[in-house]
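Biologist: Please choose a single part of this model and take me through it closely, setting it first in the chain as a whole. I would like to hear which residues belong to it, where they sit, and what lies around them.

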Amino acid sequence: MEVEQKVAKKHIVNIVYGESIEIRGIVCALEYDENIAVFKLADNILTINGSEFDVKSIDVENGIAIVSGCVSSLEYAKSREKQGFFKRLMK
């Protein structure tokens, strides 16, 4: 919880010629392998699709991740807050 308070809500994504990507403003890494990298941001989930990914570094304290490989797409999704049964039922 402390880390989420330190990381600003804004984030920065730098892509260098589609071969590497630097993300600033991450809260944590949710998943990564050679074809996908998924990071939790303060208020979104960022999914990076591509190939030959190699996670060079993840610094959660400073909110920075660096991934090399061929980037083909970025996807944003709202992070899902846990809701109670009645709140989901009333939607």
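Modeller: The chain has 2 helices and 6 strands, and from the N terminus on these elements run α-β-β-β-β-β-β-α. This is a predicted model, and everything that follows should be read with that in mind. Of the 91 residues in the chain, buried residues make up 31%.

The part I would choose is a patch of negative charge on the surface, in which Glu31, Asp33, Glu34 and Glu52 gather. Two of its members, Asp33 and Glu52, can be placed in some detail, and I take them in turn.

Asp33 lies in the loop between β3, which covers residues 26–32, and β4, which covers residues 36–41. Its relative accessible area is 39%, so Asp33 counts as partly exposed, and because a patch is built from residues with over 30% relative accessible area, that value is enough for Asp33 to be considered for one. From this loop there is also a contact in space to be noted: although Asp33 and Phe53 are 20 residues apart along the chain, their C-alpha atoms are separated by 6.7 Å.

Glu52, another member of the patch, belongs to strand β5, which covers residues 44–59. With a relative accessible area of 67%, Glu52 is exposed, since the cut-off for that word is over 50%. The backbone of Glu52 deserves a careful look as well, for its phi is near 55°, a positive value in a residue other than glycine. In Glu52, then, a positive phi, a place in strand β5 and an exposed position are found together.

Strand β5 carries further charge beyond the patch, and it is worth following. The side chains of Asp54 and Lys56 meet in a salt bridge, with 3.1 Å from N to O. Asp54 is partly exposed, at a relative accessible area of 37%, whereas Lys56, at 53%, is exposed. Why is Asp54 not counted in a patch? Patches are made of residues with no salt bridge, so Asp54, which is joined to Lys56 in one, is left out.

The structure holds 2 salt bridges. Besides the one between Asp54 and Lys56, there is one that Glu22 forms with Arg24, where the closest N and O atoms are 2.8 Å apart. Arg24 is partly exposed, with a relative accessible area of 37%.

Lys56, which is found in strand β5, also leads on to the strand that follows in the numbering. Lys56 and Val67 are 11 residues apart in sequence, yet their C-alpha atoms are 5.5 Å apart in space. Val67 is found in strand β6, which covers residues 64–78. The surroundings of the two residues contrast: Lys56 is exposed at 53%, but Val67, at 1% relative accessibility, counts as buried, because buried means under 20%. From Val67 a further link reaches back along the chain to Glu19, which is 48 residues away in sequence and 8.8 Å away in space, C-alpha to C-alpha.

A last point concerns covalent links between cysteines. The structure holds 0 disulfides. Cys28 is partly exposed, with a relative accessible area of 24%, and Cys70 is likewise partly exposed, at 41%.

To return to the part I chose, the patch brings together Glu31, Asp33, Glu34 and Glu52, with Asp33 placed in the loop between β3 and β4 and Glu52 placed in strand β5.

Note on methods
Residues are numbered from 1 along each chain as its sequence is written. This is a predicted model: local features need pLDDT of at least 70, side-chain atom pairs count only at pLDDT 80 or more; totals for chains, interfaces and linings use all residues. Side-chain values use heavy atoms; hydrogens and water are left out. Patches are made of residues with over 30% relative accessible area and no salt bridge: like charges are joined within 9 Å, nonpolar side chains (Val, Leu, Ile, Met, Phe, Trp, Tyr) within 5 Å. Accessible areas come from the Shrake-Rupley method with a 1.4 Å probe; for residues, only the protein chains shown count as cover. A salt bridge is a side-chain nitrogen of Lys or Arg within 4 Å of a carboxyl oxygen of Asp or Glu. Lys and Arg count as positive and Asp and Glu as negative; His and the chain ends are not counted. The place of a charge is taken as NZ of Lys, CZ of Arg, CG of Asp or CD of Glu. Helices (H or I, at least four residues) and strands (E, at least two) are DSSP runs, numbered from the N terminus. Buried means under 20% relative accessible area, exposed over 50%, partly exposed in between (1.4 Å probe, protein chains only). A disulfide is a pair of cysteine sulfur atoms within 2.5 Å.
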